[in-house]
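Biologist: I would like to go through a protein model with you and ask why each label is used. Shall we look at it together?

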Amino acid sequence: MTGTKTADDEKHLLTGATGFLGSHIMAGLLSQGKGVVIAGRSSGGESLKERIGRLLTWFGIEHLEGLLEFYETDFLKRRLGLGEDEYETLCGRGLSIIHCASDTSFAEKNRARVMKSNVESLTEILNFAHKSRTRCFHFMSTAYAAGIDSIECPEALVNSAHFTNVYEESKAHAENIVYGRCREGEIPYTILRPSIVYGNSVTGRSLRFNALYYPIRSLQLIRDIYLDDIKNNYGRKSAECGIYMNEDGALHLPIRIFMPHDGTINLIPVDYFTETILSILEKPETETFYHITGNNPERMARLVSYTERFLNIHGIEVVIGTSSAEEMRNPPEELFDHFIKAFRPYISDKRVFMRENTDRATSGALPPDLSYEIFQRCMAFAVSADWGKRFNVLRP
Ligand SMILES: NC(=O)c1ccc[n+]([C@@H]2O[C@H](COP(=O)([O-])OP(=O)(O)OC[C@H]3O[C@@H](n4cnc5c(N)ncnc54)[C@H](OP(=O)(O)O)[C@@H]3O)[C@@H](O)[C@H]2O)c1
C-alpha cells in the first residue's frame with residue numbers, strides 16, 4: 001500500500017478498476033487529484049498493483065504522490081478476504097464505494113459464474129458498506145437491467161421477468177438486492193446504468209473492443225477472407241457468393257443483416273461516461289437511479305454506411321422483418337450471423353431510457369452524436385490495436 005494524501009472524505013473505494021469502465025473512473029478521479037482505494041485481484045502472475053501500473057501507463061498518468069492504495073480482495077470471502085485488523089481499519093474510514101466489478105459475459109454456459117460474481121458477491125461488499133457507514137454505495141449496473149418487458153424505461157427499479165441474456169438478468173437481480181439491503185440498512189446508494197460504451201470520442205482510444213466493435217470487426221474479417229480469395233484463388237469462392245471487386249476498388253460484399261423489427265442501438269463514448277460519473281460523484285442524490293445513455297440512439301442503417309466507408313466495401317443491406325430469404329443465407333451472411341449472435345438483440349432495440357436524474361446531475365450534457373469522424377477514429381484505433389489482441393492492457 002502506498003501513502004495517502006487526500007482526506008478520506010474525498011476518497012472513493014473502487015472495485016473493477018482493472019476493467020474498461022472502472023479504469024476510466026480511476027483515471028478520472030486521479031485527474032481531479034482525488035485519492036482512490038483500489039479493491040481488486042491479482043491475475044496471470046501479476047499483482048493488483050502491477051496491473052494498475054500498466055493501466056496508469058496507458059492513461060499517461062504519473063506523479064501520483066500517494067493518491068492510490070491497493071487492497072487485494074476476494075468479494076466471495078468473509079471480510080472481502082482481508083485480515084481482521086486490515087478490514088476494521090478500512091471500515092473505520094467511511095469511504096464512498098463505487099462497485100464497478102462485474103462478470104460481463106452474456107453466455108448462458110457461464111450462468112453459474114456470472115451469478116456468483118454479480119449477485120452472490122454482493123453480500124460481503126454490502127456488509128462492508130454497512131459496517132463502514134459509507135458516504136454512498138454507488139452500484140454500477142446497466143440500462144439493460146430494465147429487461148425486455150417494457151419500451152419506456154424509468155430511472156427506477158424495474159421488475160422485469162424477461163431478459164436478453166444471463167448478464168442482464170444478473171444485473172437486475174443485483175439491483176434488487178442493493179436496493180433492498182441499502183434501504184433496510186440505511187446505506188446511502190445510487191444505481192448507475194450506462195448503455196453501451198465505446199471508445200473515446202476525441203482520441204478514438206479504447207481498452208475493450210466488444211459490443212459496437214463486434215460487427216465491424218466481423219465484416220473486416222469476412223472482407224479479408226474474400227479479398228484473399230480474389231488475390232490468391234482467382235476469386236472462385238467469391239464468385240459463388242456474388243462477391244467481386246468494383247471498378248472503384250471497393251469490394252462488393254452482399255450481406256443482408258436481418259432485423260426482426262426497426263430499432264436503434266444506444267451508444268455512448270467512454271469520455272462522456274467518465275464525465276457523467278464524475279458529475280454524479282461530485283453531488284450524488286442518494287436513492288437515485290441514473291441512466292447514462294444517449295438521447296439519440298443510432299440506427300443500424302447509419303452504422304452500416306459508416307462501416308462500408310471505413311472498410312471500403314459495398315453491398316451490406318439492413319432487412320427489417322424475417323422472410324423466407326432468411327433461410328437461404330449465403331456463406332458470408334452465415335459467418336456474420338455467427339459472429340454477432342450475442343450482440344444481435346442490441347442492434348434493433350426499441351427501449352427508451354428516461355434520464356431526468358442524469359440531466360439534473362450533468363446540467364443536461366448529452367453525449368456527442370456518433371459522427372463518421374468519431375466512428376473512423378475509434379475503428380482506426382481498434383484496427384491499430386488488432387481489436388485488443390495487440391497492446392491488450394487489460395490482460396497480462
Ligand atoms: N462496457 C460497457 O459497455 C458497459 C455498459 C453498461 C454497464 N457496464 C457495467 O460496467 C461495469 C464495468 O464493465 P466493464 O465493461 O468495465 O467490464 P470489464 O472490462 O469486463 O471489467 C470487469 C471488472 O470486474 C472485475 N471482476 C469481474 N469478475 C470479478 C469477480 N468475480 N471478482 C472480482 N472482480 C471481478 C474484473 O476484474 P479482473 O480484471 O480481475 O477480472 C474487472 O476489473 C460492470 O458492472 C458492467 O456491468 C458496462
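Modeller: Let's begin with empty spaces: on a 1 Å grid over the protein atoms alone, a cavity is a set of points where a 1.4 Å probe fits but cannot get out, while a pocket is an open set with protein on both sides within 12 Å along at least five of seven lines; a lining residue has an atom within 4 Å of a point. The model is predicted, so local features need pLDDT of at least 70 and side-chain atom pairs pLDDT 80 or more, whereas totals for chains, interfaces and linings use all residues. Residues are numbered from 1 along each chain as its sequence is written, and side-chain values use heavy atoms, leaving out hydrogens and water.

Biologist: How many cavities of 30 Å³ or more are there by this rule?

Modeller: The count is 3. The largest cavity has a volume of about 100 Å³, where a volume is the space filled by probe spheres set on grid points joined across faces, edges and corners.

Biologist: Which residues lie nearest the centre of the largest cavity?

Modeller: P215, I216, M300, L303 and T307 do, out of 13 lining residues. Helix 7 and helix 10 (300-311) each supply at least two residues of that lining, and helix 10 has the largest share, with 4. Helices (H or I, at least four residues) and strands (E, at least two) are DSSP runs, numbered from the N terminus.

Biologist: How many residues of each class line the largest cavity?

Modeller: There are 12 nonpolar, 1 polar and no charged residues. Nonpolar covers Ala, Val, Leu, Ile, Met, Phe, Trp, Tyr, Cys and Pro, charged covers Asp, Glu, Lys and Arg, and the others, Gly among them, are polar.

Biologist: And what lines the second largest pocket?

Modeller: That pocket, of about 260 Å³, has 15 lining residues, with H24, A27, F59, N200 and T274 nearest its centre. Helix 1 (20-31), helix 2 (48-59) and helix 9 (270-282) each give two or more residues, and helix 9 gives the most, with 5. The lining counts 6 nonpolar, 6 polar and 3 charged residues.

Biologist: Why is S105 called buried?

Modeller: Buried means under 20% relative accessible area, exposed over 50%, and partly exposed in between (1.4 Å probe, protein chains only). S105 has 14%, so it is buried. You can find S105 in the loop between strand 4 (96-99) and helix 4 (111-120).

Biologist: What makes E46 and R54 a salt bridge?

Modeller: The rule asks for a side-chain nitrogen of Lys or Arg within 4 Å of a carboxyl oxygen of Asp or Glu. In this pair the closest N and O atoms are 2.5 Å apart, so the pair qualifies. E46 is buried because its relative accessibility is 17%, whereas R54, at 23%, is partly exposed.

Biologist: How do you know that E169 and R111 form one too?

Modeller: Their closest N and O atoms are 2.9 Å apart, so they pass the same cut-off. The pair links distant parts of the chain, with E169 in helix 6 (residues 166-184) and R111 in helix 4, 58 residues apart. Both count as partly exposed, E169 at 28% and R111 at 29%.

Biologist: How many salt bridges does the structure hold?

Modeller: There are 20. Another one joins R299 and D262, at 3.1 Å from N to O. R299 sits in strand 14 (residues 298-299) and D262 in the loop between strand 10 (251-259) and strand 11 (264-265). Salt bridges that share partners also join D8, K11, E69 and R93 into one network.
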